[in-house]
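Reader: I am new to this structure and would like a close look at one part, the empty space in it and what surrounds that space. Please go on from there to the helices.

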Amino acid sequence: MSNQLDLSKELIGRRALVTGGTRGIGAAIAQRLVDAGAKVAVTARSRGEALPRDFAFVAGDVASPAGVAAVAEGALEALGGLDILINNAGGGSGFPQGMTSIPDEEWQAGFALNLFAAIRLTNALLPALRESKAGAIVNVSSGAATMAVSPIAHYAAAKAALNSYSRTLAVELAASNIRVNVVSPGPVTTPGSRAFSDALGAPPDLFAKKIPLGHYGSPEDVAEVVALLVSDRGKWMTGSLVNVDGGMSAR
Ligand SMILES: NC(=O)c1ccc[n+]([C@@H]2O[C@H](COP(=O)([O-])OP(=O)(O)OC[C@H]3O[C@@H](n4cnc5c(N)ncnc54)[C@H](OP(=O)(O)O)[C@@H]3O)[C@@H](O)[C@H]2O)c1
């Protein structure tokens with residue numbers, strides 16, 4: 001590999017879909033892939049106001065089977081094929097009273113968005129990814145998957161399942177030359193993490209003291225690692241789970 005790597009060109013010719021790409025971590029990933037030369041479509045339930053013109057937008061709710069089908073169809077139409085799939089849309093409400101206060105429908109919603117969305121969208125887009133010469137999937141998990149976090153136990157359990165699913169998928173798709181990796185962020189400053197802290201009546205930097213590097217990450221910190229994983233720089237990586245968390249999971 002040349003040490004004259006031009007990061008603004010390394011994804012030229014690649015087509016990428018980023019779910020939840022209108023804000024937070026997903027928007028930073030979409031921008032980073034565009035900056036590297038990729039053609040990018042983002043999906044979310046609504047377009048929002050600040051979506052850069054560089055992205056194609058496909059509306060859809062990935063938490064439902066019908067929404068996934070619409071997103072897959074719209075993305076293929078916008079991009080003309082697919083090389084990179086980033087399953088980033090995720091999140092969930094917090095329940096300050098603890099795990100046993102989480103209602104059944106919230107468990108189901110948590111799994112629909114944080115697990116089944118990735119499974120269904122991957123299945124829908126696999127035929128297109130199999131035609132790519134550089135197929136790569138990144139699933140965005142969470143450090144919560146390996147922690148006891150009572151108010152978001154449903155979310156954490158779904159992300160733990162996503163980690164397991166991704167590992168098996170990586171082994172299964174290796175023969176098709178499609179790489180599958182997971183990024184597992186720690187606390188990152190986003191609209192989603194702010195809403196979570198607000199709902200708990202907690203300060204926005206609620207977990208900062210638990211982070212060895214001492215502060216929350218930025219969406220761009222996560223996007224940089226995703227760019228590595230989907231590019232040829234990461235061509236011998238599959239089945240990996242990469243913590244991007246200021247050292248939080250190392251404690
Ligand atoms: N921020 C953190 O501290 C942190 C830490 C660990 C892991 N993560 C993970 O990183 C990912 C991104 O988190 P974030 O904090 O950047 O989220 P965010 O700020 O809440 O943004 C979420 C994005 O997903 C979209 N979205 C939500 N539900 C959707 C649905 N049902 N269908 C389609 N799109 C949907 C939203 O747009 P619409 O609302 O318009 O649909 C938005 O574009 C998530 O998987 C999250 O679990 C975040």
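Author: In this predicted model, the second largest pocket encloses about 230 Å³ of space. Its lining is made up of 14 residues, and those nearest the centre of the pocket are G135, N177, R179, K235 and W236. Sorted by class, the lining of this pocket comprises six nonpolar, three polar and five charged residues.

Besides pockets, there is enclosed space to consider. Rolling a probe the size of a water molecule over the atoms shows where empty space is left. The structure has one cavity of 30 Å³ or more. The largest cavity holds about 70 Å³ of space. Around the largest cavity are 13 lining residues, with N87, N88, A89, L113 and A118 nearest its centre. Two elements, α3 and α4 (153-173), each give two or more residues to this lining. The greatest share comes from α3, which supplies five residues. By class, the lining of the largest cavity counts eight nonpolar, four polar and one charged residues.

Now the helices. Helix α2 covers residues 65-79, which is 15 residues. From its first C-alpha to its last, α2 reaches 21 Å, close to the 21 Å expected at 1.5 Å a residue. Which residues of α2 are buried? They are G67, V68, V71, A72, G74, A75 and L79. The buried residues of α2 pack against three strands, β1 (15-19), β2 (39-44) and β3 (55-59), and against helix α3 (104-131). After α2 comes G80, with a positive phi near 75 degrees.

Helix α6 can be read in the same order. It has twelve residues, 219-230, and should span 16 Å at 1.5 Å a residue; the C-alpha atoms at its ends are 17 Å apart, which agrees. Buried in α6 are P219, V222, A223, V226, A227, L229 and V230. These residues cover an arc of only 160 degrees around the axis, so they lie on the same side of α6. The buried residues of α6 pack against helix α1 (24-35) and the strands β4 (84-87), β5 (136-140), β6 (179-185) and β7 (241-244).

One single residue completes the look. S197 sits in helix α5, residues 191-200. Is S197 buried or exposed? With a relative accessible area of 2%, S197 is buried, because buried means under 20%. Apart from neighbours within four places in sequence, S197 is in contact with A202, P203 and P204.

Methods: Residues numbered from 1 in each chain as written. Predicted model: local features only at pLDDT ≥ 70, side-chain atom pairs only at ≥ 80, totals over all residues. Heavy atoms only, no water. Helix = DSSP H or I, 4+ residues; strand = E, 2+ residues; numbered from the N terminus. Expected span 1.5 Å × (residues − 1). Buried < 20%, exposed > 50% of the residue type's maximum accessible area, 1.4 Å probe, protein only. Contact = heavy atoms within 4.5 Å. 1 Å grid on protein atoms, 1.4 Å probe; cavity = no way out; pocket = protein on both sides within 12 Å on 5 of 7 lines; lining within 4 Å. Points joined across faces, edges and corners; volume = space filled by probe spheres on them. Nonpolar A, V, L, I, M, F, W, Y, C, P; charged D, E, K, R; others polar. Arc of directions from axis to C-beta.
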